[in-house]
Amino acid sequence: MPVTSPVQHYVTQSIMTASPGQLVLMLYDGALRFMAQARAGFALPPDSARRIETINTAILRTEAILQELRANLDHTSGGDLAENLHQLYDYYLRRLLEANLRKDETALVEVENLVRELRDGWAEMLQQQEQIVA
């Protein structure tokens, strides 16, 4: 059995006990964290291999999160909302691909701002649900 640090144990427990809504929020937070890492990569010298690697890795991780969110949309009970989110995620993924291929920080920042709006709206909705239950 692998030994885990207290931090790893805490993270695992928080994921295992999170509601589906909280898991989505965690995914949005992860995507934003990786986009911030990609933006930091743009600050590295333009001819640096580390710059390209940092940007590429962070954008690929962001794309993986967005693909996971898109793949888990419930189109049966989600109706128009699920379809709209599917289209948004597709747009985000296309723009991230452009950002990565062209090393275009503008496209990355655009997606980051859009995901932040979506994340903040999701967080507000979860908070309102908690107030109704309480």
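Thr57 has its place in helix α3, and in this predicted model its surroundings make a useful starting point for reading the fold. With a relative accessibility of 30%, Thr57 counts as partly exposed, because that class lies between the limits of 20% for buried and 50% for exposed residues. Thr57 and Gly41 stand 16 residues apart along the chain, and their C-alpha atoms are separated by 9.8 Å.

The chain as a whole contains five helices and zero strands, so that, read from the N terminus, its elements follow the order α-α-α-α-α. Of the 134 residues in the chain, 32% are buried. Among contacts between residues at least 6 apart in sequence, 60% join residues that are at least 24 apart.

Helix α3, which covers residues 49-71, packs against both α2 and α4, as the following table sets out.

| Helix pair | Angle between axes | Axis separation | Handedness of crossing |
|---|---|---|---|
| α2 and α3 | roughly 160 degrees | within 8 Å | left-handed |
| α3 and α4 | about 165 degrees | 10 Å | left-handed |

Since angles over 145 degrees count as roughly antiparallel, α2 and α3 are therefore roughly antiparallel to each other, and by the same cut-off α3 and α4 are roughly antiparallel to each other as well. The contact between α3 and α4 is made by residues including Ile55, Ile59, Leu66 and Arg70 of α3, and on the side of α4 by residues including His86, Tyr89, Leu93 and Leu97. Where α2 (residues 20-42) meets α3, the residues of α2 include Val24, Tyr28, Phe34, Gly41 and Phe42, while those of α3 include Arg51, Ile55, Ala58 and Leu69. Ile55 thus appears in the contact of α3 with α2 and also in the contact of α3 with α4.

Arg51, one of the α3 residues that meet α2, deserves a closer look. Is Arg51 buried or exposed, and which side chain of opposite charge is nearest? Arg51 is buried and yet has no salt bridge, the nearest side chain of opposite charge being that of Glu105, which is 6.2 Å away. A salt bridge would need a side-chain nitrogen of the arginine within 4 Å of a carboxyl oxygen, and therefore the 6.2 Å to Glu105 does not qualify. Leaving aside neighbours within four places in sequence, Arg51 is in contact with Gly41, Phe42, Leu44, Pro45, Pro46 and Lys103.

Lys103, one of these contacts of Arg51, is found in the loop between α4 (75-102) and α5, and with a relative accessible area of 24% it is partly exposed. The backbone of Lys103 has a phi near 50 degrees, which is a positive value in a residue other than glycine. For comparison, most residues other than glycine have a negative phi.

The last helix to be described here is α5 (residues 105-133), in which Trp122 lies. Trp122 is partly exposed, with a relative accessible area of 24%. Which residues does Trp122 touch, not counting those up to four places away in sequence? They are Gly21, Val24, Leu25 and Tyr28. Trp122 and Tyr28 are 94 residues apart in sequence, but their C-alpha atoms are 9.2 Å apart in space. Val24 and Tyr28 are also among the residues of α2 that meet α3, and so these two residues take part in contacts with α3 as well as with Trp122.

Note on methods. Residues numbered from 1 in each chain as written. Predicted model: local features only at pLDDT ≥ 70, side-chain atom pairs only at ≥ 80, totals over all residues. Heavy atoms only, no water. Helix = DSSP H or I, 4+ residues; strand = E, 2+ residues; numbered from the N terminus. Buried < 20%, exposed > 50% of the residue type's maximum accessible area, 1.4 Å probe, protein only. Lys, Arg positive; Asp, Glu negative; His and termini not counted. Contact = heavy atoms within 4.5 Å. Axes fitted to C-alpha atoms, helices over the stretch in contact; angles between N-to-C directions. Parallel < 35°, antiparallel > 145°, perpendicular 65-115°, else oblique. Left-handed = near helix turned anticlockwise from the far one by under 90°.
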